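Q: I'd like to learn how to read a structure made of several chains. Can we start with what it means for two chains to touch?

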Amino acid sequence: MSKSAILSSSIAKKYWMALTGLFLCLFLVGHLLGNLQLILIDGEDGKRAFNEYAYFMTHNPFIKILSYVTYISILFHAVDGILLAIQNKKARPVNYHYNNPSANSKLPARQMAVLGSAILIFIVIHMANFWWKMKYSSKQMPLHTYVVYPPQTGNPSGDTLYYTTSGMQLPVSAQFEIRDGNKIFISDEWLNSEIEAAKSQGQEIDPKMFENKDKNVEIAEGYKDLHSLVYAFFGHNRSEQGFETNTMPEIALLLYVLSMIVLSFHLMHGFSSAFQSLGLNHRKYTPLIKKFGLVFSILVPLGFAIIPIVIYLTK
Amino acid sequence: MASKYINITLKVWRQKNANAKGAMETYKLNEVSTDSSFLEMMDQLNEQLINDRQEPVAFDHDCREGICGMCSMYINGRAHGPDTGTTTCQLHMRKFNDGDTIYIEPWRAKAFPVIKDLVVDRSAFDRIQQAGGFVSVNTSGRTMDANAIPVPKVDADKAFEAAACIGCGACVASCKNSSAMLFVGAKVSQYALLPQGRVEAKERVLNMVRQMDEEGFGNCTNTGACEVECPKGISIENIARMNREFLKAALTSEK
Amino acid sequence: MSMLDSKIPEGHISQKWTDYKNHLKLVAPNNRPKIDVIVVGTGLAGSSAAASLGEMGYNVKAFCFQDSPRRAHSIAAQGGINAAKNYQNDGDSIYRLFYDTIKGGDYRAREANVHRLAEVSGNIIDQCVAQGVPFAREYGGLLDNRSFGGTQVQRTFYAAGQTGQQLLLGAYSALSRQVGLGRVQMFHRHEMLDIVKVDGKARGIIARNLVTGEIERHSAHAVIIATGGYGNVYFLSTNAMGSNVTAAWKIHKQGAMFANPCFVQIHPTCIPVHGANQSKLTLMSESLRNSGRIWVPKRKEDAEAIREGRLKPTQLAEEDRDYFLERRYPAFGNLVPRDVASRAAKERCDAGYGIEANDTNEGVYLDFSSEIRSKGKQAAFAQGDQNPSEDKILELGKKWVEEKYGNLFQMYEKITDENPYETPMKIYPAVHYTMGGVWVDYNLQSSIPGCFVAGEANFSDHGANRLGASALMQGLADGYFVLPYTVSDYLANEIRTGKIPTDTPEFEEAENRVKSSIDRMLSNNGTKSVDHFHKRLGLIMWNKVGMGRNEQGLKEAIEEIATLKKEFFADVFVPGSAEELNPELEKALRVADLIDLGQLMAIDALQRKESCGGHFRDEYQDEEGETLRDDENFKYVAAWEYKGDDISQEQLHKEELKYEFIKIAARNYK
């Protein structure tokens, strides 16, 4: 393998752009399908489905690897793109006094770097808004809770339960300690009260269960409530779930939709361009790729944009 | 062919030499026949300048029939002017109207430095060719018979379409990145499509691309401007073919 | 006759070259790097010579005035290249190509040279294919051929309408390879302005770097001039704007004879002149005559109506058209040789049947409608449609024509703004090629030892008229397959010479000649541009030394050119300086030489009291207006020796032409 050629030549740079770009296209599809659960499934089921999905996406080892590939792709795509843009700028030190590029090429194709930079900024903001909050600002990230409605009465029982990954449902009123954002550890008080409660009903709890009777026993993991975070971000009142309601959801919505339009233009050139960069040009298939790319570049961002719009409108 | 006469204003890049600072100068030119070619209009301008004891505009031109690739003007913001599939020498003044202002600039690229006025140095293309744009056969004529290897007509035709490149540099000039990939892609493709060229296909594409990068051309971002402005209509599928060839070569070359 | 030893070897025509080659001296590979060779010009002949000599191991320096060797005007040849391959099995052979070329040249070319050309023609095709030249192919994958004027076989190899381009790029790729390997040093944007002789031998050149204006000395053991023809003496021609005679003329001034300068080819199918500002003429490939029919109206009234725009050519009924080539030459029809076709067009236009509305009414039609119909019908039948509609026939026919000649049709439309699929092309003869050139012997060596001349720049192979698709053949034959042998033979005596120093009085003197001619131009401070004089020269040449010549006109031309020369040097204005890129200075130096040459052409035409090939003297024609050769008195090459600034003093030397293997006869294409 010719190392210098595969790493540093102008064509190799294009391969990397194309490969990372196409991978990110795949990512978009997965991301969109997951996100659509936000609006396609109603009520508690939707919330549960989405939060379960979010949990899966952050915990499955395979997905984990995939997510690192995604981060690297985004970084590489951005850095490589910026390097290319700088190099390309340098290749013409003196500009034309009068230029008419629209006669020979489309605007998105000429402005990929600008569109891409805008998308990069969007990604940063987007991740700060959701990913960062979920992942690292753990104290502010409430867990998924729901109110029990006994079937007999249909009225709220007054119990609000955490919905956990182990299938246990734990009362929010109980005394836990929540660490690392969503790991639920027992507290002495709760343990004692549980033992007492068992006793009063003539049952016994095997003390072995709690051999280390300190607070280091994790009894369950709660689902982080990303669903409510999103809804609160786009204007829903989720204060009972512990989220601050966004007072200016219109701005969030507008910026999000704008970003999707930018993404659409970026994809409009980028999708089919990636195939060209990889050398996949064929008189029979290239027109199909171009058509598919156009449909893709419209449908995917549209799908993303619809979600906050629907959320906003159902406020 | 009813010929008309038009009066035009020209804004022309003037630059004394490679190191001098240039600027756009304005000239008025009257009574230009619409049957004249663009370069004949330039002749007329120069005749006027000479008669006014001014220095004529230097520009490259030779065959004036669209094949030598020497003419190289950026006219009204486009390589070889408003017409497509045309070199400047084949562009005719009937494409312009009375009273028009026409901007004329040299090719702009780091790899094509201006020598004087509208004349640029395109020897970078020669060096790319020298890096691998050939089949390493000697010139004895004692090769095998020309018909010894049949070549599928489709491949021969595609090779010819790629070989139609006149090396004018319009692709570089019109590319927002000053990329030379259409030129190099066409050359690589011509040889890659023919059995005679396959033998050294790997070294060729690696060497030509390396030289291209060294010359300071930009990268291809697939805007497609080059194929629109190419006077010989060379398709960017040749760039794709080069990308393919390069990938194959880079992955399997033992160097 | 001692001055003109053609060095044609003895023996049978088919064995001469082989035997001769076997006895030429060689330079051993280890000695070749000690020897320098200069090649001026990078067209087919120059590129192929430089590449071949570089390949052999000589130190080669190649020069071209263009910005790249690939731009030499060989690139503009459209139609094809001949080779006696007989791939089409229609009776072709080396002998037939040899015979056709001699006959086509109206029996004014050397048998031995032409036979050698025919012999190596096949190798050229092999060589080019091996180099990756994308010739047109048939569906079976083998090479396609077409026919050209003056032949009855299909021996022309082609690459659409861009054969010259593809061949030149092939030679350029070979040259580039040698440049990349460091065996050829390329000097682009350099113009040779003089030759340097030491002890009578060519030992170097003086060249001007066109970018910096620097005058450079380059030494070598041999100098090859491959700088093309001098058609630009007519100002309007199909030559490139930069094509010039300067290199050839400078060696002529230093002792190389100039042969048959009056033999100029006027190509029948060019786009007619449109106006006073026209700078050049554009050729429409001769291959079009395979499919197009040439005609003018039968009645003068119709011609006049067409010129005035009252009548369209498509409205003229079949019986009102005069297909004059088919009428006069039924056997060859529209495919008669170029000189014959050109004269026939001129004859019709002179008689008032011209259809172009320009100053001289000079133009005839080249009509593709019959071909479109017949090919359309064939294509429909091939598709299984036995009863095609009119529209379908036209559609399929146009498609066929487009595939064959698309780029030419497009070019025509660009220039004229008329669609040749719908209305016939307008064409008229234009100056295209010069058969005359520097006199060379069988080795392609000029009368200056060590100075070789190849391609269009020499006079050797085409006699008084060149057949279509033969120029490319000759250029490559000279460069690839003749010069490497003959130059080596010459250089075999130079292995002990050592590097030629450039600080000698001979170089000094040559450089001073160049510098003073440049100073003369720049300090002249006249009032008129170079083009002004060039255009006037062109008009004199076209009107009096053009397609039809006569004693009175030629005598006038000689006088007029002498006057023009005086005026030029008194009144030309060349702006700018010598130390920069100065296109006007370049032009001025070239036009000065063209003026001298023009005068010599008229002198040569005047002495040749016969008509042959491209040289048509009104006084010497038969009752049907065909050329009347005088083999008894003019079966010779006219080689002129320079005798100082007054061109009329040039001395004529005659090289008798001997026809041992071809029976000399009247040329007949009827």
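A: Sure. Contact means heavy atoms within 4.5 Å. One thing to keep in mind as we go is that this is a predicted model. With that cut-off, 51 residues of chain B are in contact with 38 residues of chain A.

Q: How many pairs of chains touch, and which pair has the most contacts?

A: There are 2 pairs of chains that touch, and chains B and C have the most contacts. On that interface, chain C brings 84 residues and chain B brings 77 residues.

Q: What about chain A and chain C, how far apart are their nearest C-alpha atoms?

A: Those two chains do not touch, and their nearest C-alpha atoms are 19 Å apart.

Q: Next idea: how do I read a buried area?

A: Think of the accessible area that two parts lose on being put together, summed over both. Between chain C and chain B that comes to about 6500 Å², and carbon and sulfur atoms give 52% of it. On the chain C side, C:Arg71, C:Arg137 and C:Lys414 lose the most area to chain B, together 11% of what that side buries.

Q: And which residues of chain B lose the most area to chain A?

A: Start with the total: chain B and chain A bury about 3700 Å² between them, with 53% from carbon and sulfur atoms. In chain B, the residues that lose the most area to chain A are B:Arg108, B:Asn219 and B:Asn222, together 16% of what that side buries.

Q: Where do salt bridges come into this?

A: Look for a side-chain nitrogen of Lys or Arg within 4 Å of a carboxyl oxygen of Asp or Glu. Between chain C and chain B the count is 7 salt bridges. One of the pairs to look at is B:Lys16 with C:Glu580, at 3.1 Å from N to O. Across the interface of chain B and chain A, the rule finds 2 salt bridges. Try B:Glu161 and A:Arg283 there, whose closest N and O atoms are 3.5 Å apart.

Q: Can I use these ideas inside one chain? Into which domains is chain B divided?

A: You can, just treat the domains as the two parts. Chain B has domain 1 (5-116) and domain 2 (123-252). Their contact takes 20 residues from domain 1 of chain B and 19 residues from domain 2 of chain B. Together they bury about 1400 Å², 57% of it on carbon and sulfur atoms. B:Ala79, B:Ala111 and B:Phe112 supply 31% of the area that domain 1 of chain B buries against domain 2 of chain B, more than any other three residues. The rule finds 1 salt bridge across this interface, and B:Glu229 forms a salt bridge with B:Arg78 at 2.8 Å between the closest N and O atoms.

Q: How many salt bridges are there between domain 1 of chain C and domain 2 of chain C?

A: The count there is 0 salt bridges. The two domains still bury about 2000 Å² between them, 52% of it on carbon and sulfur atoms.

Q: Last one: is A:Met248 buried, exposed or partly exposed?

A: Buried means under 20% relative accessible area and exposed means over 50%, with partly exposed in between. A:Met248 has 46% relative accessibility, so it counts as partly exposed. Look for A:Met248 in the loop between α8 (226-233) and α9 (249-277) of chain A. A:Met248 also helps make a nonpolar surface patch of about 670 Å², along with residues including A:Ile251, A:Leu254 and A:Phe265.

Note on methods:
Residues are numbered from 1 along each chain as its sequence is written. Chains are lettered from A and ligands numbered from 1 in the order in which they are written. This is a predicted model: local features need pLDDT of at least 70, side-chain atom pairs count only at pLDDT 80 or more; totals for chains, interfaces and linings use all residues. Side-chain values use heavy atoms; hydrogens and water are left out. Patches are made of residues with over 30% relative accessible area and no salt bridge: like charges are joined within 9 Å, nonpolar side chains (Val, Leu, Ile, Met, Phe, Trp, Tyr) within 5 Å. Accessible areas come from the Shrake-Rupley method with a 1.4 Å probe; for residues, only the protein chains shown count as cover. Helices (H or I, at least four residues) and strands (E, at least two) are DSSP runs, numbered from the N terminus. Buried means under 20% relative accessible area, exposed over 50%, partly exposed in between (1.4 Å probe, protein chains only). Domain bounds come from an automatic or database domain assignment. Buried area is the accessible area (1.4 Å probe) that two parts lose on being put together, summed over both.
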